Amino acid sequence: MTDTPVGIDAIEIHTGKLKLDLAETFAPAMGDSPEKYTKGLGLHASSFPDTYEDIVTMGANAAHRLMDRKGLEPDDIGRIDVATESAFDHSKPVSTYIAGCLEQRFEGNFHHANKGERKFACVAGTQSIDDAYNWIRADRHRGRAALVIATDTALYARDDPGESTQGAGAVAMLIDEDPNLVELSTEQGYGSADETDFLKPQQQFPSVDGKRSVKVYLARMREALVDYERVGGTIHPDDFRLGPFHTPFPGMVRKAAVLAYRHITRGTDIEDELAEDIGKQPRREAFDDEEAFMDALADYTDELKETDHYLEWYDRTIDPTLDIARQVGNWYTGSVHVARVSGLKSLAEAGEDAVGQNLLVGSYGSGAQAEIHVETVQENWLDEIDALNIDEQLENRYDLTFEEYEDVHDAHNYDEDSSVEEFTAPDGEFVFDGWGRMGERKYRYVE
Ligand code: CAA
């Protein structure tokens, strides 16, 4: 065992190259008010893959940029784990396809790297980071780093309520000793239960009980927070600078944030200060029946979310983590990692010195499991954040009309036999290049 600090050394994001404007394009076509998206769900646009993009190209392009920027060779990588809930093969893992792509561009190969694929809905990206952390801490890594890639095309069936929250993109992360970006806490909390809220039993698009999925998210996140406190100690709002949470849509995080704030202010100086205006938090022991207690708690929470204390905390701690999600939608396994980047990027843009600050990271996967841990910002974080080109990628996305969106959805639907022309020209990236003799997908690099 080693006790060297382990965490995320570097990160790269690759967004799908198409954009669907939810307020301007999607809402009118669906007969919805634009505010349902911009205010209710908190989303302005979704990213979509062009016809030559998929989970492999997006993941490989993010990883390629990361390795290139950090001057890495395949020999420096001892492990490649891909987290996805959009896999197209039940046996051969996506990591082998991505390694194959990267080998087209780098000297050497990944023949001695352990490769795998992680599945537990959206929490799998964080689980892959855990696996890499444990592998390094167990000193089985031979000085090498791990590549963790979270990549998804989060598409829903047409006319499913989830269609409003789609997205596509990949996040590549380098997990290493003495990391440049954030160190991970050893302490973790879990909230996990057998739930039937969102699943894909042998089907491409999910079956979703949307309203229930929201409740399950909140319940499991709460359990994970309580479980974290058992090992990490009681959390106070002043303990952390940002709270990146899994963001299926920003409105979901808004619902979670007020519950988290209520929990972490209970029994604190903040609860005392708030008591003058909204009273103390209801305590279970003061109520004879559960229903009356829950009603009182709901009333307290409604008042809490209007207080200056809460609104200031939300604006400072949560809102910055949602900036990118508002523009790209849900990236499933990548979503919480986009939230981390989004928050750190906003601190960088504000010129804030974040070294030593803590992040309370809340990951979630349907089915269902939440995980909470803490990350500490490292000395070279700013170099890593400044190196991102996500603004440029977002700016360059092709803006789809509604008819084009319908075509793109069909192009990525396994059950549709459609031939749709690409909307953008590939430039210095991996592209899907047709099918091989055993039904495998093939890829090539376009200069
Ligand atoms: N102005 C302002 N707000 C408006 C509005 C308007 N004109 N019209 C609607 N709204 C609000 C609604 O009040 C609602 O907000 P509240 O929930 O706070 O009341 C919000 O906009 C959404 O409106 P609806 O509830 O009417 O939207 P919907 O019926 O289309 O469904 C959804 C929303 C259930 C989230 C659906 O998009 C869905 O099923 N999404 C996929 C599942 C999902 O993302 N679940 C999240 C938890 S599970 C998870 O996190 C895993 C994962 O990644 C999938």
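**Helices and cavities**

I take helices (H or I, at least four residues) and strands (E, at least two) as DSSP runs, numbered from the N terminus. The model is predicted, so I take local features only at pLDDT of at least 70 and side-chain atom pairs only at 80 or more, while totals for chains, interfaces and linings use all residues. Residue numbers start from 1 along each chain as its sequence is written, and side-chain values use heavy atoms, with hydrogens and water left out.

I went for the cavities first. A cavity is a set of points, on a 1 Å grid over the protein atoms alone, where a 1.4 Å probe fits but cannot get out; lining residues have an atom within 4 Å of a point. I get two cavities of 30 Å³ or more. The largest has a volume (the space filled by probe spheres set on the points) of about 160 Å³. Its lining holds 13 residues, and Arg-222, Leu-225, Ala-256, Leu-259 and Ala-260 are the closest to the centre. I find α6 (210–232) and α7 (250–265) as the elements giving two or more residues to that lining.

Which helix gives the most to this lining? I found that α7 does, with five residues. I sorted the lining by class (Ala, Val, Leu, Ile, Met, Phe, Trp, Tyr, Cys and Pro nonpolar; Asp, Glu, Lys and Arg charged; the others, Gly among them, polar) and got nine nonpolar, one polar and three charged residues.

The second largest cavity comes out at about 30 Å³. I list Thr-247, Ala-325, Val-328, Gly-329, Trp-331, Ser-335 and Val-338 as its lining. Here α11 (323–328) and α12 (335–349) are the elements that give two or more residues. I see four nonpolar and three polar residues in this lining, and no charged ones.

**α7 again**

I went back to α7 to see how it packs on α9 (290–304): the angle is about 105° and the axes are 10 Å apart. Because 65 to 115 degrees counts as roughly perpendicular, I log the two helices that way. Val-258, Leu-259, Tyr-261 and Arg-262 of α7 meet Leu-297, Tyr-300, Thr-301 and Leu-304 of α9 (contact: heavy atoms within 4.5 Å). I note that Leu-259 is also among the residues closest to the centre of the largest cavity. By class, this contact has six nonpolar residues, one polar and one charged.

**The eight-stranded sheet**

I traced an open, mixed sheet of eight strands in the order β5-β4-β6-β7-β1-β8-β12-β11, counting strands as paired at two or more DSSP bridges. At the edges sit β5 (114–118) and β11 (358–365), each pairing on one side only. Neighbouring strands are turned by 25° on average, direction ignored. I checked β1 (6–15) against β7 (167–177): they run antiparallel, joined by nine bridges. Val-6 has Glu-177 in β7 as its bridge partner. Across β1, β4 (77–83), β6 (145–154) and β7 I found helix α3 (55–70), which runs at about 125° to β1.

**The three-stranded sheet and a hairpin**

I then read off an open sheet in the order β3-β2-β13, with mixed pairing. Its edge strands are β3 (45–48) and β13 (398–399). Four bridges pair β2 (18–21) with β3 in the antiparallel sense, and Lys-19 stands opposite Ser-47 in β3. I see helix α1 (22–30) lying across β2 and β3, at about 65° to β2.

Last, I looked at β14 (429–435) and β15 (441–446), antiparallel and joined by five bridges. Phe-432 is partnered by Tyr-443 in β15. Between the strands of this hairpin I find five residues, and Gly-439 takes a positive phi near 85°.

Technical notes
On a 1 Å grid over the protein atoms alone, a cavity is a set of points where a 1.4 Å probe fits but cannot get out, and a pocket is an open set with protein on both sides within 12 Å along at least five of seven lines; lining residues have an atom within 4 Å of a point. Axes are lines fitted to C-alpha atoms, for helices over the stretch in contact, and angles run from 0 to 180 degrees between N-to-C directions. Angles under 35 degrees count as roughly parallel, over 145 as roughly antiparallel, 65 to 115 as roughly perpendicular and the rest as oblique.
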